[in-house]
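Got your viewer open and a cartoon view ready? Let's walk through the strands one stop after another.

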Amino acid sequence: MTDFAPAHPGWCSPNRCDVTDPTLPTRGGAHRSEPITLDLAPVLVGRDRLQVATASLYRVDHGFDTDTWLILNAAGREQLSMPILKSTAVLVQLARLIGQGESA
Ligand SMILES: [Zn+2]
């Protein structure tokens with residue numbers, strides 16, 4: 001047994017995680033959250049309408065701190081991924097843009 005504490009983050013789903021043993025110093029695999037379904041149906045129209053969009057978290061396990069990523073998927077394909085530390089800044093930018101559109 002090592003001094004490493006179990007490293008599964010609280011959001012990690014045992015159903016989707018493939019980290020073999022988080023107590024070992026040499027690791028592999030990734031922690032993954034259960035995806036949440038984004039309800040885009042009310043806002044998207046047309047032939048190219050996305051049928052399913054999901055968001056989930058992902059973190060490679062190297063035995064040391066690594067970034068947690070936000071993964072956005074649409075129609076079963078990864079569309080966008082970004083470190084969560086930077087995703088807040090992106091969301092703030094989008095909120096500002098949406099605010100400009102709402103106030104015009
Ligand atoms: Zn895990």
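## Strand-by-strand tour

Start by selecting Thr37 and Thr54: these two are bridge partners, with Thr54 sitting in β3. Keep in mind while you click around that this is a predicted model.

Now widen the selection to β2, residues 36–37. This strand runs antiparallel to β3, and 2 bridges join the pair.

Next, highlight β3 itself, residues 53–60, together with β1, residues 30–32. Here you'll find 3 bridges, again with the strands antiparallel. For a spot to zoom in on, pick His31 and look across to Arg59 in β3, which stands opposite.

Stay on β3 and add β4, residues 69–74. How many bridges pair β3 with β4? There are 6, in the antiparallel sense. Two places are handy for following this pairing along. Select Ala53 and you'll see Ala74 of β4 opposite. Then move to Leu57, whose bridge partner in β4 is Leu70.

Last stop: keep β4 on screen and bring in β5, residues 77–83. These two strands run antiparallel as well, joined by 6 bridges. Which residue of β5 is the bridge partner of Ile71? Click on Ser81 and you have it.

To replay the route, show β3 with β1, then β3 with β2, then β3 with β4, and finish on β4 with β5.

Methods: Residues numbered from 1 in each chain as written. Predicted model: local features only at pLDDT ≥ 70, side-chain atom pairs only at ≥ 80, totals over all residues. Pairing = 2+ DSSP bridges. Helix = DSSP H or I, 4+ residues; strand = E, 2+ residues; numbered from the N terminus.
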